[in-house]
Amino acid sequence: MQTIVETAPQSNVTLWAGRIVTGLVIAFMIFDVGIKLIEMDVVRDNMLRLGYPLSLAGGFQIGVLEAVCLILYIIPRTSVLGAILLTGVMGRCHRSHLRVGDPLPSHTLFGVYLGLLIWGGIYLRNPRLRELIPVQR
């Protein structure tokens with residue numbers, strides 16, 4: 001038995017807004033992954049301050065994990081899976097900053113802000129996701 005799914009037409013404004021938001025997320029995440037993969041001193045210093053062990057303080061392993069999640073987010077067929085995994089990564093960031101008492105609006109909630117942008121971009125680009133989670137009027 002074959003199921004036919006019809007999606008509502010998508011406006012160009014919604015599609016392009018989603019692409020722009022997604023592009024901003026991707027640009028930030030490429031920067032974030034990059035500084036972790038090259039193990040910049042600022043990454044090591046902050047990872048140690050957040051209580052991560054010295055073996056993880058360079059951030060390389062976390063950078064690889066974020067890169068895999070980002071690649072899944074970029075590929076249209078796996079973008080929802082990538083968004084789910086990136087949300088988990090952002091939750092880890094939120095917890096780490098909360099645990100050490102960093103300022104709430106700038107540090108602790110940054111992962112929440114990024115998570116909202118991750119899902120906002122994909123929500124605007126993906127009509128099937130909008131059907132699954134409709135905005136009620």
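**Contacts, burial and packing around helix 1**

Guide: Among residues more than four places away in sequence, His97 is in contact with Arg49, Leu50, Asp102, His107 and Thr108. The model is a predicted one.

Visitor: What makes two residues count as being in contact?
Guide: They have heavy atoms within 4.5 Å of each other. His97 meets that condition with each of the five residues just named.

Visitor: Is His97 called buried or exposed, and why?
Guide: The relative accessible area of His97 is 16%. The cut-off for buried is under 20%, so His97 is called buried. As for its place in the fold, His97 belongs to helix 5.

Visitor: What is the overall make-up of the chain?
Guide: The chain has 8 helices and 0 strands, and its pattern along the sequence reads α-α-α-α-α-α-α-α. The C-alpha trace spans about 55 × 30 × 30 Å along its principal axes. The chain holds 137 residues, and 34% of these count as buried. Of the contacts between residues at least 6 apart in sequence, 62% join residues at least 24 apart.

Visitor: How do you know what span is expected for helix 1?
Guide: The expected span is 1.5 Å times one less than the number of residues. Helix 1 has 26 residues, for which 38 Å is expected, and it reaches 36 Å from its first C-alpha to its last. The two values are close.

Visitor: Why is helix 1 called roughly antiparallel to helix 4?
Guide: Helix 1 (residues 12-37) and helix 4 (residues 60-74) pack at an angle of about 155 degrees, and their axes are 8 Å apart. Angles over 145 degrees count as roughly antiparallel, and therefore helix 1 is roughly antiparallel to helix 4. The crossing of this pair is left-handed.

Visitor: Which residues make the contact of helix 1 with helix 4?
Guide: On the helix 1 side they include Thr22, Val25, Ile26, Met29, Val33 and Lys36. On the helix 4 side they include Phe60, Ile62, Gly63, Glu66, Leu70 and Tyr73. By kind, the residues of this contact divide into 13 nonpolar, 2 polar and 3 charged.

Visitor: What is the packing angle of helix 1 and helix 7?
Guide: Helix 1 and helix 7 (residues 110-125) pack at about 145 degrees, with axes 7 Å apart. Helix 1 passes helix 7 in a left-handed crossing. Residues of helix 1 that meet helix 7 include Thr14, Leu15, Gly18, Thr22, Val25 and Met29. Among their partners in helix 7 are Phe110, Leu114, Ile118, Gly121 and Arg125. The residues of this contact divide into 12 nonpolar, 4 polar and 2 charged.

Visitor: Which residues of helix 1 are buried, and against what do they pack?
Guide: The buried residues are Leu15, Gly18, Thr22, Val25, Ile26, Met29, Asp32, Val33, Ile35 and Lys36. They pack against helix 2, helix 4, helix 5 and helix 7. As background, an α-helix has 3.6 residues a turn, so residues three or four places apart point the same way.

Visitor: Why does Lys36 count as buried?
Guide: Lys36 has a relative accessibility of 9%. That value is set against a limit of 20%, so Lys36 counts as buried. Lys36 lies in helix 1, and beyond four places in sequence it touches Val43, Gly58, Gly59, Phe60, Ile62, Gly63 and Glu66.

Visitor: What makes Asn12 exposed?
Guide: Asn12 has a relative accessible area of 57%. Exposed means over 50%, so Asn12 is exposed. Asn12 is also in helix 1. The C-alpha atoms of Asn12 and Phe28 are 24 Å apart, with their positions 16 residues apart in sequence.

Visitor: Why is Glu39 called partly exposed?
Guide: Its relative accessible area is 41%. Partly exposed covers the range between 20% and 50%, so Glu39 is partly exposed. Glu39 is in the loop between helix 1 and helix 2.

Visitor: What is the phi of Glu39, and which residues are in contact with Glu39?
Guide: Phi is near 55 degrees, a positive value in a residue other than glycine, and Glu39 takes it just after helix 1. Outside four places in sequence, Glu39 is in contact with Gly58 and Phe60. Glu39 and Gln61 are 22 residues apart in sequence, and their C-alpha atoms are 10.0 Å apart.

Technical notes. Residues are numbered from 1 along each chain as its sequence is written. This is a predicted model: local features need pLDDT of at least 70, side-chain atom pairs count only at pLDDT 80 or more; totals for chains, interfaces and linings use all residues. Side-chain values use heavy atoms; hydrogens and water are left out. Axes are lines fitted to C-alpha atoms, for helices over the stretch in contact, and angles run from 0 to 180 degrees between N-to-C directions. Helices (H or I, at least four residues) and strands (E, at least two) are DSSP runs, numbered from the N terminus. Angles under 35 degrees count as roughly parallel, over 145 as roughly antiparallel, 65 to 115 as roughly perpendicular and the rest as oblique. A crossing is left-handed if the near helix is turned anticlockwise from the far one by less than a right angle, and right-handed if clockwise. Ala, Val, Leu, Ile, Met, Phe, Trp, Tyr, Cys and Pro count as nonpolar, Asp, Glu, Lys and Arg as charged, and the others, Gly among them, as polar. Buried means under 20% relative accessible area, exposed over 50%, partly exposed in between (1.4 Å probe, protein chains only).
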